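Let us walk through this model one helix at a time, beginning with a single side chain and ending at the surface.

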Amino acid sequence: MSIGTVTISYLSDPNIGGFSAPVAATLMSLYWAGSLLGRFGYSMVAQRISAMNTLLSGACIAMILLSVAILSPSLFGGVALIMIGLCNSFMYPIIFSRAVSGLGDASGAASAILIMCGIGGGVIPMIQATLMTRFDVPTSYLIPVLCYAFIASFAFITKKRGLSIVTV
């Protein structure tokens with residue numbers, strides 16, 4: 001969630017993108033469109049590709065795109081941030097299905113708990129906003145880099161242990 005909201009500040013910062021807030025918000029619709037198209041695309045190939053390889057690749061690509069935005073605060077960095085929508089598109093179904101995989105009768109309860117535990121969507125943007133206030137907008141993207149590093153670690157460890165996954 002933080003990328004979808006903070007990127008408007010990134011794109012509208014006069015020293016970075018220089019767009020007006022309404023134009024920056026309109027450009028963010030490309031992020032969400034990428035997320036939608038990526039989800040549809042993934043649903044067509046999910047049965048033929050490794051979910052953990054896909055998750056690991058998506059997290060690593062997102063970290064690279066974030067690094068571009070941090071190290072090159074410019075319109076190019078803004079485009080990199082918008083492209084993260086594609087990476088995010090398939091992560092949730094993979095993580096969710098892995099989290100409830102193999103739980104049998106407890107899958108329903110685990111699914112409900114997992115849905116209610118979406119605290120990251122509220123806490124991570126707050127932490128990023130604190131970093132943005134203390135330093136600057138590009139530096140604040142270090143928080144999502146850490147989140148994607150955690151996701152990449154999860155994918156790598158799951159893959160290394162050979163744990164199976166059933167995609168939704």
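In this predicted model, Q128 is found in helix α7, which spans residues 120–134. Is Q128 buried or exposed? Its relative accessible area is 0%, and because buried means under 20% relative accessible area, Q128 counts as buried. Leaving aside residues up to four places away in sequence, Q128 touches S2, V6, S140, Y141, I143 and P144. With one of these neighbours there is also a polar contact, since the side chains of Q128 and S140 are joined at 3.2 Å.

From there we can turn to helix α4, which covers residues 75–89. Its 15 residues reach 22 Å from the first C-alpha to the last, close to the 21 Å expected at 1.5 Å a residue. At the N-terminal end of α4, S74 acts as a cap, with a side-chain oxygen lying 3.3 Å from the backbone nitrogen of F76. Which residues of α4 are buried? They are G77, G78, A80, L81, I82, I84, G85, C87, N88 and S89. The cover over these buried residues includes α1 (2–12), α2, α3 (51–71), α5 (91–100) and α9 (142–160).

One of the helices in that cover, α2, comprises residues 21–45 and holds F40. Here the reader can look at the surface: F40, together with L36, L37 and M44, makes a nonpolar surface patch of about 460 Å². As a guide to reading such a set of positions, an α-helix has 3.6 residues a turn, so residues three or four places apart point the same way.

Note on methods:
Residues numbered from 1 in each chain as written. Predicted model: local features only at pLDDT ≥ 70, side-chain atom pairs only at ≥ 80, totals over all residues. Heavy atoms only, no water. Patch = residues over 30% accessible without salt bridge, like charges linked within 9 Å, V, L, I, M, F, W, Y side chains within 5 Å. Areas by Shrake-Rupley, 256 points an atom, 1.4 Å probe, with all protein chains shown as cover. Salt bridge = Lys/Arg side-chain N within 4 Å of Asp/Glu carboxyl O. Helix = DSSP H or I, 4+ residues; strand = E, 2+ residues; numbered from the N terminus. Expected span 1.5 Å × (residues − 1). Buried < 20%, exposed > 50% of the residue type's maximum accessible area, 1.4 Å probe, protein only. Contact = heavy atoms within 4.5 Å. Polar contact = N/O pair within 3.5 Å; in protein donor to acceptor, adjacent residues only side chain to side chain.
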